[in-house]
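User: Hello! I spend my days at the bench and would like to learn how to read a structure feature by feature. Could you take me through this one?

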Amino acid sequence: MKHLSPDKERILAGKAFDIRRLCLEFITCAGWGHIGGSFSEAELLACLYGGVMNIEPRTVDDPSRDRFILSKAHASPALYAILALEGFISEDRLFTYCRLEGLDGHTQRGQCPGIEYSGGSLGTGLSYATGLALGLRLQENFASRVYCLIGDGECNEGQVWEAAMSAAHYRLDNLIALIDYNKVMAKGKVSDLLAIEPLAQKFASFGWSVIECDGHDLADAWRAFYQAKYLEMKGRPVAIIAHTVKGRGLPEAEFNYHWHTHAPSVAQAENFLIELNRTYERNGRFSRPLSSPKDAGLEDVVSADLNPA
Amino acid sequence: MKLAYSSKALREVFGETLVELGGNHKRLLVLDADLNTSSRTVLFKQKYPDRFIQCGIAEANLFGVAAGLAAQGYTPFPSTFAAFATRKALDQVYVNIAYPNLDVKIAGSYCGMTATECGPSHNCAEDLAVMRSLPHLKVLDPGDNRELRAMMHAMMAKPGPVYFRVSKVNAPELFGADHSFEFGRGHLLRPGNDVTLVGTGFMTAVALGAATLLDREGISAAVVHMPSIKPIDEDLLVQQARATGALVTIENHRVFGGLGGAVSEVLAREYPVHIEMLGLSDTVFEAAPLADLLRHYQLTPRAMCEKARALVQRKRRASAA
């Protein structure tokens, strides 16, 4: 559908909120995780899994599904959360995040349904997505599209531009790159650390169609996806530059690189839930009592063996 | 032997020593790839902002730029996670730095399993093997804070490429204030007759713990600490092989081509003896906190004690036969 109906928008807004709430819960319990980049992509994931992409738990292995590649794989919490909300995995599984035998801090291909790509080394996802898109075309699969979500700081990596050159060269109009342009990297602002502007012109000059949108405005993001799927010139890959806010929804975390990799304490998480409820005018509650992990190191392991209780 | 553990992580000493060296060496530069508050090069950035170069999330470029700066007479310290310095920028490290023998000091932080929750993409169990196989490059893994500082002083005094490991681990205090570091020199920390336990980096603490457990069983274990993996202390290895006839190595690394590999290469040639290696097997360091990883991958004093006991028994059976 071309326009997002008010009912559908309410549903997607609920999902974006629940992504943030769940991330807060299981990141707190893991004592580690990426809040900033998960919160900036929440609306984009709500749209992708809420109707833009042709994928659901029952078709997770269907060759005609759409493929999603999270190149900024450190922001895996939001992806795990939407996979749980959509029924690909259980909510309990989220609480194995960063535990042995659990969900990895960065996505691992095949670790759970819906994870197509092993990531964590930035800049590698768009090449992988290019390979998928090329493979689909070689197999004469014209039904599936490949969506690849890239970070803005990630666009520092030369490989992103090698992939951009390749995808345009091979005329991969079944490939849509999404840039989560949240303006902040791990240790500072993109514009201070290594500027990427003019980003839209860069992609355009590489032969891509470029669409910009507000990545937190569901109707605007939905419009951008529709345009990318149906209106752009054939024979070109499409880049959607989604303008977002790192840590969106938590005043303390917004545009704050301190919350790139950082887990809140239980008390902080409770305050953050209050802030989230205030920002999104909701009454969300945590699904379970939270607890932070104990901090054990080398000394604990050595002394446990030498002085058994 | 009861060890005190430092309240200061190795990475903090790395940052502080950069600041210290930067005072005397005006041509020392620090290069970062968007990780300075993690690696702790941020301390140098705060003190000498003009000699701190932010390269962004672009590791191939980071090492290429470092090489160019070295050719221009500087001593650059490009720093990123070990995974990215080795797996991601290997071509630049080989072609632009190691092979032309340029004065670049590469700090691989979050080495081995110490990227912990980041999981297999950031944990790096192959850096020693990869870097050890490159020409001219020296490869080091410090055991404690004093050794890391001494190591950094030594590398500033000797031009040429170096790869050294840094982590966020709080290491045991192995050495006193007078400790010095020399390339290619290891340390016999504890004498013993039945077996020699060889550690590198903070894993030497596990070897010392294992020696204590073996001692309780009546097995006399020597402990060697090997901070310089390339060049390695061949004389000390041969001496211990002769004296004990059995060695067990332990490393925060896969058992392919790291410390165990280096020790085996020397002894296979000079004095073959029974060898066992502890480290990661043919798999990856999954995402989990450090203590869970050490236990899961059997890199504990107890596990090393069991390996060593079995090896001593094998040695005794072989010599009785």
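Analyst: Gladly! Let us begin with burial: a residue is buried if 20 or more other C-beta atoms lie within 10 Å of its own, exposed if 12 or fewer, and partly exposed in between. Keep in mind that this is a predicted model.

User: How does Gln298(B) come out, buried, exposed or partly exposed?

Analyst: Gln298(B) has 15 other C-beta atoms within 10 Å, so it is partly exposed. This residue sits in the loop between α12 and α13 of chain B. Its backbone deserves a look too: Gln298(B) is not a glycine, yet its phi is positive, about 60°.

User: Which residue of chain A that is not a glycine has a positive phi of about 70°?

Analyst: That is Glu101(A). Look for it in the loop between α5 (91-94) and α6 (125-138) of chain A. Glu101(A) counts as exposed because it has 9 C-beta neighbours inside 10 Å. One more backbone to check is Glu281(A), which follows α11(A) and has a positive phi near 50°.

User: What does the span of α11(A) look like?

Analyst: Helix α11 of chain A covers residues 266-280, which is 15 residues. From first C-alpha to last, α11(A) reaches 21 Å, close to the 21 Å expected at 1.5 Å a residue.

User: Now proline. Where is the peptide bond before a proline cis in chain A?

Analyst: Check omega for this one. The bond from Glu197(A) to Pro198(A) is cis, with omega near -5°. Pro198(A) belongs to the loop between α8 (190-193) and α9 (199-205) of chain A. Chain B has a cis bond from Lys230(B) to Pro231(B), with omega near -5°. You will find Pro231(B) in the loop between β10 (228-230) and α10 of chain B.

User: How should I read two helices that pack together?

Analyst: Start with the general idea: an α-helix has 3.6 residues a turn, so residues three or four places apart point the same way. Now take α3 (residues 42-52) and α4 (residues 76-85) of chain A, whose axes come within 10 Å and cross at roughly 35°. The crossing of α3(A) with α4(A) is right-handed. On the α3(A) side, Ala42(A), Leu45(A), Ala46(A) and Tyr49(A) meet Ala78(A), Leu79(A) and Ile82(A) of α4(A). Sorted by class, this contact has 7 nonpolar, no polar and no charged residues.

User: How many residues of α3(A) are buried?

Analyst: 10 of its 11 residues are buried, so you can call α3(A) mostly covered. Among the buried ones are Glu43(A), Cys47(A) and Gly50(A).

User: Which residues make the contact between α10(B) and α11(B)?

Analyst: First the geometry: the axes of α10 (residues 234-244) and α11 (residues 259-270) of chain B come within 10 Å and cross at roughly 65°. This crossing of α10(B) and α11(B) is right-handed. Glu234(B), Leu237(B), Val238(B) and Ala241(B) come from α10(B), while Val263(B), Val266(B), Leu267(B) and Glu270(B) come from α11(B). Here the classes are 6 nonpolar, no polar and 2 charged residues.

User: And sheets? What is the strand order in chain A?

Analyst: Follow the strands across the sheet from neighbour to neighbour. Chain A has an open sheet of 5 strands in the order β1-β2-β3-β5-β4, with parallel pairing. Its edge strands, β1 (67-70) and β4 (209-214), each pair on one side only. On average, neighbouring strands are turned by 20° against each other, direction ignored. Between β1(A) and β2 (residues 146-151) of chain A there are 4 bridges, and Leu70(A) stands opposite Leu149(A) of β2(A).

User: Why is strand β8 of chain B described as largely enclosed?

Analyst: Strand β8(B), residues 195-199, has 5 of its 5 residues buried, so it is largely enclosed by the rest of the structure. Val195(B), Leu197(B) and Gly199(B) are buried on one side, and Thr196(B) and Val198(B) on the other. The strand pairs with β9 (residues 221-225) of chain B in the parallel sense over 5 bridges. Within that pairing, Leu197(B) has Val223(B) as its bridge partner.

Technical notes. Residues numbered from 1 in each chain as written. Chains lettered and ligands numbered in written order. Predicted model: local features only at pLDDT ≥ 70, side-chain atom pairs only at ≥ 80, totals over all residues. Helix = DSSP H or I, 4+ residues; strand = E, 2+ residues; numbered from the N terminus. Expected span 1.5 Å × (residues − 1). Axes fitted to C-alpha atoms, helices over the stretch in contact; angles between N-to-C directions. Left-handed = near helix turned anticlockwise from the far one by under 90°. Contact = placed C-beta atoms within 7 Å. Nonpolar A, V, L, I, M, F, W, Y, C, P; charged D, E, K, R; others polar. Pairing = 2+ DSSP bridges.
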